[in-house]
Structures are given as structure tokens and as C-alpha cells.
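Hello,

Here is the structure I promised to pass on. My notes follow below it.

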Amino acid sequence: MENKKLVVANLKMYLSTSDIATYLKKIASLERQNVIFCPTSIYLPYFVGHGYGVGIQNVAATELGAYTGEVSAIQAAGLGVQYAILGHSERRQYFGETNAQIHQKIIQCLRAKMTPIVCIGETAEEYQKQQTKEVLKQQIIACFRDLPAEAISKVIIAYEPIWAIGTGKIPRNEEITEIASEIKHIVVEKFHCHMIPVLYGGSIKCSNIEQLENIKNIDGYLIGKASTTEEFFRLLEVVYYK
Ligand code: PGA
């Protein structure tokens, strides 16, 4: 059976203007709706309309107006962008983004008919203290607060342990399985919504993708650094064509 997993390429701020032309040529033959490219905002128009999915890495918490430097969900959606990564740990850590702001951003995306990909994850310290489930629960409740089940059913969650991002370390398969099922369970229990997709992200590489593929209850992957290199095409081979 064909693998329906979503693969989200979070290109972060890696590619220069000259890199991007080469990158676009390399992905030109990919027509998969279930591969979603999330480039730096100014590159978005180059990615739209080629058969693969396109996402923005952040949106403003407000609609339109005097917010210098921001990009609203409605503006991105107007260009044909279908997804938005929200609450990535780099945004939380370097730009002080809070769950309350992420909540507003989810609302903006849903109004603009874009699919939010909401990132949640625990720090190394929280992981060591075995607080992961509690931390994730608090993040989910704060981000989804007061949203109706029908709205939440349109959201994707990306579980990204902060200690796994860019470090080469990943949780064991049993841990990811347990956490993915816990996340789905929290959403159903607290918001009376059906099970929503949960992706895993953090240090995904060719050396661990086959192992990750044995996990039964995740719906795809959020890939950072490796999505900006040749390695990405080998990863897609394993996920879709093995
Ligand atoms: P990484 O990043 O794959 O480079 O660890 C994942 C992410 O931050 O989304």
C-alpha cells in the first residue's frame, strides 16, 4: 500500500538566494501533495503551484495592519500557501513566542483556511525529569484553548523534543510511540475532537529513518537540516518508495 505519510521540509533560514535556484531545480520533478516545503517567506512564491505542498514557517498573530516585518496568514494564503509551521521551538526560544501567541496564530491560519502545523516539545531537563507528558499537555491545552473541536480537527501537531533538534539525538521508538498516542489521547479527551495527525521531528537522517519507519502511530515527519541537502531525496525514497 502506498505510504500516505506527510513529510514537512522545514528549510529554516538555511538556503541563500543562489542555493534556492539549485534547490528548486532538484525538487521540480516532485509532484507529491504530501511533501510540504516550508522555505523562508520571501521564497514562497517560487514554491507555489508545482504540485507539492507549501508552508510558511510562521505567521503574524494578527490579521492585516501596522505590524512592520510581519506576514499575515491571510497574505500567505492569498499566494497559495496551504500550511503554516507554528510555535517552532526556535521561535519560542529566540523570539520569545508564547503559547498565547501561538493560539492567536492558529486562529489566524484557520480563518485564512491554512492548515496549522503546531510544534510542541520538551527540553532536555524536562525529559530527564520525566515531565514530557505533562509539558506537552500544558502546551496543547494553552495553544488550543477555547477552540471548537471542528477547528482543532484541522490542525496537525508536530512532536519535536527540543533536545533532539539539530543534535543528532532522537528518542527511542517506544518513547515516540507512547508520546504520539498520549498527544492524540489528550486532544480527544480535552477537546472532544477526533484523532488528529501527529508528526515526529528532530534530527531525522538517513541513518535513523528506517528505524523511525517502524513506528505505527505517527503520521509523518518534520525534517530540518536534512531537508536542505541531497540526503532529503534519499529520505523520501525510504518513506515513499521502499
Ligand atoms: P532538524 O530540525 O531536523 O535539523 O533537527 C527539525 C526541526 O527543527 O524542525
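Y240 is buried, because its relative accessibility is 7% and the cut-off for buried is under 20%. Please keep in mind that this is a predicted model. The neighbour Y241 is partly exposed, with a relative accessible area of 48%. The two rings form an edge-to-face pair: their centres are 6.5 Å apart and their planes stand at 65°. An angle over 60 degrees is what counts as edge-to-face, so the label holds.

Y240 belongs to the buried set of helix α11, residues 231-241. That set also holds E231, F232, L235, L236, V238 and V239. What covers them? The cover includes strands β1 (6-10), β2 and β8 (220-223), together with helices α1 and α10 (206-212).

**Aromatic residues**

The count of aromatic pairs comes to twelve. One of them is F47 with Y52, an edge-to-face pair at 6.5 Å centre to centre and 70° between the planes. Both F47 and Y52 are buried. They also sit in one aromatic cluster, which is made up of Y23, F37, F47, Y52, F232 and F233. F232 appears among the buried residues of α11 as well.

**The barrel**

Eight strands make a closed barrel. The order is β1-β2-β3-β4-β5-β6-β7-β8, and the pairing is parallel. From one strand to the next, the twist averages 25°.

Some details of the pairing:

- β2 (residues 35-38) and β3 (residues 53-56) pair in the parallel sense over two bridges. F37, a member of the aromatic cluster, has V54 in β3 as its bridge partner.
- β5 and β6 pair in the parallel sense over four bridges. I117 is bridged to I156 in β6.
- β6 and β7 (residues 198-201) pair in the parallel sense over three bridges. I157 has V198 in β7 as its bridge partner.

Is β6 covered on one face or on both? Both faces of this strand, residues 156-159, are covered. I156 and A158 lie on one side, I157 and Y159 on the other, and all four are buried. In a regular strand the side chains alternate between the two faces of the sheet.

**Helix α1 and I20**

I20 lies in helix α1, residues 17-27. Is I20 buried or exposed? I20 is buried, because its relative accessible area is 4%, and under 20% counts as buried. Leaving aside residues up to four places away in sequence, I20 touches L15, Y43, Y46 and F47. The contact with Y43 bridges 23 residues along the chain, and the two C-alpha atoms are separated by 8.0 Å. F47 brings us back to the aromatic cluster.

**Helix α9**

Helix α9 covers residues 173-191 and has 19 residues. At 1.5 Å a residue it should span 27 Å. Its end C-alpha atoms are 27 Å apart, so the span agrees with the expected value.

Which residues of α9 are buried? They are N173, E175, I176, I179, A180, I183, K184, I186, V187 and F191. These residues cover an arc of only 165° around the axis, so they lie on the same side of α9. Note that the set includes E175 and K184. H192 follows the helix, and its phi is positive, near 55°.

**Positive phi in two loops**

Most residues other than glycine have a negative phi. Two loop residues deserve a look on that count.

- K113 has a positive phi, near 65°, and is not a glycine. K113 sits in the loop between α5 (99-111) and β5 (115-120). K113 is exposed, because its relative accessible area is 76% and exposed means over 50%.
- D146 is not a glycine either, yet its phi is positive, about 65°. Its place is the loop between α7 (132-144) and α8 (149-152). D146 is exposed too, with a relative accessible area of 70%.

**In brief**

The fold has a closed barrel of eight strands with parallel pairing. Y23, F37, F47, Y52, F232 and F233 form one aromatic cluster. The buried residues of α9 lie on the same side of that helix. K113 and D146 are where I would point you for positive phi in the loops.

Best wishes

Technical notes: Residues numbered from 1 in each chain as written. Predicted model: local features only at pLDDT ≥ 70, side-chain atom pairs only at ≥ 80, totals over all residues. Heavy atoms only, no water. Pairing = 2+ DSSP bridges. Axes fitted to C-alpha atoms, helices over the stretch in contact; angles between N-to-C directions. Buried < 20%, exposed > 50% of the residue type's maximum accessible area, 1.4 Å probe, protein only. Contact = heavy atoms within 4.5 Å. Expected span 1.5 Å × (residues − 1). Arc of directions from axis to C-beta. Phe/Tyr/Trp six-rings, centres within 6.5 Å; stacked < 30°, edge-to-face > 60°.
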